Amino acid sequence: MNHYAARFFLPAKKAMPLQAAGTRRKIAQVRMQLACAEDLFNFVTDEDMLDSCIYQLKSLQLYYGFLMRQVRQEELGREEPRPETVSPLLEARPEGMVESMG
């Protein structure tokens, strides 16, 4: 996404709660930051700067996901369960099963 495409974000609804409007404003800001970080990523040549851009992009993408979940929860008016990092199926191992490194 470039800086031109970043201008197209969801407008805040007038009838929404004040907290949701603030979250949508943050989403618009993060989208603009993502567009700037992507533009910078496309033009850097230094390896250290490239690593920095990658970390910044990943950080902004995670924050954007957090904000989107927050808006979804506010619109639904309830808590949405956060997906677990480890599947319960992976945690349950049969007795005597040992992990191997090879």
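This briefing describes the helices, one salt bridge and one surface patch of a single chain. The model is predicted, so local features need pLDDT of at least 70 and side-chain atom pairs count only at pLDDT 80 or more, while totals for chains, interfaces and linings use all residues. Residues are numbered from 1 along each chain as its sequence is written, and side-chain values use heavy atoms, with hydrogens and water left out.

**Overall build**
- The chain holds 3 helices and 0 strands, where helices (H or I, at least four residues) and strands (E, at least two) are DSSP runs, numbered from the N terminus.
- Of the 102 residues in the chain, 21% are buried, a word that stands for under 20% relative accessible area, with exposed meaning over 50% and partly exposed in between (1.4 Å probe, protein chains only).

**The salt bridge**
- The count comes to 1 salt bridge, defined as a side-chain nitrogen of Lys or Arg within 4 Å of a carboxyl oxygen of Asp or Glu.
- The side chains of Arg-24 and Glu-75 form this bridge, at 2.3 Å from N to O.
- Because Arg-24 lies in helix 1 (residues 18–43) and Glu-75 in helix 2 (residues 47–76), the pair ties together parts that are 51 residues apart in sequence.
- Arg-24 counts as buried because its relative accessibility is 11%.

**The nonpolar patch**
- Phe-41, Leu-50 and Ile-54 make up a nonpolar patch on the surface, and together they have about 220 Å² of accessible area.
- Patches are made of residues with over 30% relative accessible area and no salt bridge, with like charges joined within 9 Å and nonpolar side chains (Val, Leu, Ile, Met, Phe, Trp, Tyr) within 5 Å; accessible areas come from the Shrake-Rupley method with a 1.4 Å probe, and for residues only the protein chains shown count as cover.
- Phe-41 is found in helix 1, and Phe-41 counts as partly exposed because its relative accessibility is 31%.
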